[in-house]
Amino acid sequence: MTSAWNWIGIIAWIIVLAVFVWVFHHIRVRRIKMIVERKHTFEWSNLIISGVELVVAFCLVIGMGYVTFNRQINLSDSKAVKVTYQYEPLVLRVGTEGSYYVAVDRSTSNKPVHVYNYWVKGAKYTVSSNKATVVSSLKQAKIMDTGIPWSQKMLQKQDNQHENAYVVKMTATYQPSFMNGLGVRVGHQAMTRWLIRVPAQSFINTTDISEQ
């Protein structure tokens, strides 16, 4: 169900699109009057008015487009987004290539993005490398995921509980606010990120899944 806050953006889009259509209609009506009533094919005043109307109309559409589709989020702003974390221990797999927690489907010329496969409680999950990071130390998380608010305290706690083998799913959800409502974003996911923690690099199987 759409949040009531998102109606701010829905109504704003209706108004902006209505203004955009009206501007072109108004330009046409004015030009017809200029030709029929005043017998002119060109007037500077008419050109200036039309230019101003077009600039305003395009600025409104571009502005709403930016707020809706391109506005960047600040994960540290708790008023804009709510960040939650889900922790699950990894299940060790044993295969012909040895024991591992993560199997990597390596990139090719046709598929430049790596795919990480991991197992929790008997279930297999797959996530692309542009949404996940695999680390063998918490220091790597700070360097490789700069800007992602991983809690080092909570990660250290998970290290102790799950012997350095777990996955963290971070979900950022847009909070109720005027700007989020204007962008029709309230209640929608702003970002999902995975951090896959392994005890050492040797627990990562880089043999292509299709070749196993």
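Which residue forms a salt bridge with Asp145? In this predicted model, the partner is Arg193, with the closest N and O atoms 3.0 Å apart. Asp145 sits in the loop between helix 3 (138–144) and helix 4 (152–162), while Arg193 belongs to strand 9, so the contact ties together parts that are 48 residues apart in sequence. Neither end of the bridge is left out in the open: Asp145 is buried at 3% relative accessibility, and Arg193 is buried too, at 14%.

Strand 9 has another salt bridge to offer, this time from Arg197 to Asp159, again with the closest N and O atoms 3.0 Å apart. Here the partner comes from helix 4, so strand 9 and that helix are tied together across 38 residues of sequence. Arg197 and Asp159 are both buried. A search of the whole structure turns up four salt bridges, and one of them joins Glu53 to Arg30 at 3.3 Å, N to O. That pair runs between helix 2 (residues 44–70), which holds Glu53, and helix 1 (residues 6–36), which holds Arg30, with 23 residues separating the two in the chain. Both side chains belong to buried residues.

Turning to the annotated segments, the unreviewed UniProt entry marks residues 6–25 and 46–69 as "transmembrane region". In the model, residues 6–25 are 100% helix, with the end C-alpha atoms 29 Å apart. Residues 46–69 are likewise 100% helix, and their end C-alpha atoms lie 34 Å apart. As for aromatic residues, Phe20, Phe24 and Phe58 make up one cluster.

Eight aromatic pairs come out of the whole-structure search. In one of them, the ring centres of Tyr101 and Phe203 are 5.4 Å apart and the planes meet at 35°, so this pair counts as tilted. The two rings come from distant parts of the chain, 102 residues apart: Tyr101 is in the loop between strand 3 (98–100) and strand 4 (102–105), and Phe203 is in the loop between strand 9 (189–197) and strand 10 (204–205). Tyr101 is buried at 11% relative accessibility, whereas Phe203 is partly exposed at 24%.

Another pair, Tyr118 with Tyr125, has its ring centres 5.7 Å apart and its planes at 20°, so it is stacked. Tyr118 is buried, at 4%, but Tyr125 is partly exposed, at 38%. The surrounding stretch is a hairpin of strand 5 and strand 6, with two residues between them and a positive phi of about 50° at Lys121 in the turn. Strand 5 (residues 115–120) and strand 6 (residues 123–128) run antiparallel and pair over six bridges, with Val115 standing opposite Ser128.

Terms used
Residues are numbered from 1 along each chain as its sequence is written. This is a predicted model: local features need pLDDT of at least 70, side-chain atom pairs count only at pLDDT 80 or more; totals for chains, interfaces and linings use all residues. Side-chain values use heavy atoms; hydrogens and water are left out. Rings of Phe, Tyr and Trp (its six-membered ring) pair if their centres lie within 6.5 Å; planes under 30 degrees apart count as stacked, over 60 as edge-to-face and the rest as tilted. Helices (H or I, at least four residues) and strands (E, at least two) are DSSP runs, numbered from the N terminus. Buried means under 20% relative accessible area, exposed over 50%, partly exposed in between (1.4 Å probe, protein chains only). UniProt positions are given in the numbering used here, feature names are shortened, and annotations may be inferred rather than shown by experiment. Two strands pair if DSSP finds at least two bridges between them. A salt bridge is a side-chain nitrogen of Lys or Arg within 4 Å of a carboxyl oxygen of Asp or Glu.
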